Amino acid sequence: MINMLMLDGKKSVSERVVYDAFDLVKKTTSTNDVLTVFHKAIENVRPHMELKARRVGGATYQIPIEVRHDRGMSLAIRWLRTAARSRKGAPMAKRLSDELLSAYKGEGSAVRKREETHKMAEANRAFAHYRW
């Protein structure tokens, strides 16, 4: 998470943001174990299906494929980062903690992104036979 959040190689700034966000999550929730909140938020955002573009003949089809666990984790952290950065009007630690808490509850823009991805994969299920 720290490395994904880092900008311009400033790891110490990224570490401070992540640990401050974890402190804010600890203050906000009743639980003392912030890592369980973090892991649950990641699981709520992690996609199980995604679309890949395949060119068959002259047409391009969006083909649903299953997401490997490590790619799903990477996408989830990336979506959480993007959603936290898109929130405005607060320090990054506060924005990240708010996004983690909303993902923990199954809400927020990162979870909405996963739902949209799953919905698109379901809509294009008819093209699954082009998968190879």
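In this chain, residues 24 or more positions apart account for 60% of the contacts with a separation of 6 or more. The model is a predicted one. Its chain has 132 residues, of which 39% count as buried. Taken along the principal axes, the C-alpha atoms fill a box of roughly 55 × 35 × 25 Å. About 8,100 Å² of the chain is exposed, and carbon and sulfur atoms supply 51% of that area.

The chain is built from six helices and two strands. Along the sequence these elements follow the pattern α-α-α-β-β-α-α-α. The two strands, β1 and β2, run antiparallel and are joined by eight bridges. Across this pairing, Arg54 stands opposite Tyr61 in β2. The hairpin that β1 and β2 form has two residues between the strands, and Gly57 there takes a positive phi near 65°.

Before the strands comes a loop between α2 (11-28) and α3, and Thr29 has its place in this loop. Is Thr29 buried or exposed? Thr29 has a relative accessible area of 18%. The cut-off for a buried residue is under 20%, so Thr29 counts as buried. The side chain of Thr29 also has backbone oxygens close by in the model. A polar atom of this side chain lies 2.9 Å from the backbone oxygen of Val25. A polar atom of the Thr29 side chain also lies 3.4 Å from the backbone oxygen of Thr31.

After the strands, the helix α5 deserves a closer look. The 13 residues of α5 should span 18 Å at 1.5 Å a residue, and the end C-alpha atoms are 18 Å apart, which agrees. This helix is mostly covered, with 10 of its 13 residues buried. Among the buried residues are Met92, Ala93, Leu96, Leu100 and Leu101, and also Arg95 and Glu99. The partners against which the buried residues of α5 pack are α1 (2-5), α2, α3, α4 and α6.

One residue of α5 can be followed in detail: Leu96. Leu96 is buried, with a relative accessible area of 1%. Which residues does Leu96 touch, not counting those up to four places away in sequence? They are Met1, Leu5, Val17, Val18, Ala21 and Ala84. Asn32 is 64 residues from Leu96 along the chain, and the C-alpha atoms of the two are separated by 18 Å. Just after α5, Gly106 takes a positive phi of about 85°.

The next helix is α6, which covers residues 108-123. Its 16 residues reach 23 Å from the first C-alpha to the last, close to the 22 Å expected at 1.5 Å a residue. In α6, the residues Gly108, Ala110, Val111, Arg114, Thr117 and Ala121 are buried. They lie on the same side of α6, because they cover an arc of only 155° around the axis. In general, an α-helix has 3.6 residues a turn, so residues three or four places apart point the same way. On the face of α6 turned away from its buried side are the exposed residues Lys119 and Ala123.

What do the buried residues of α6 pack against? They pack against the helices α3 (34-45), α4 (69-86) and α5 (92-104), and against the strands β1 (49-56) and β2 (59-66).

Terms used: Residues numbered from 1 in each chain as written. Predicted model: local features only at pLDDT ≥ 70, side-chain atom pairs only at ≥ 80, totals over all residues. Heavy atoms only, no water. Helix = DSSP H or I, 4+ residues; strand = E, 2+ residues; numbered from the N terminus. Expected span 1.5 Å × (residues − 1). Buried < 20%, exposed > 50% of the residue type's maximum accessible area, 1.4 Å probe, protein only. Arc of directions from axis to C-beta. Contact = heavy atoms within 4.5 Å. Pairing = 2+ DSSP bridges. Polar contact = N/O pair within 3.5 Å; in protein donor to acceptor, adjacent residues only side chain to side chain. Areas by Shrake-Rupley, 256 points an atom, 1.4 Å probe, with all protein chains shown as cover.
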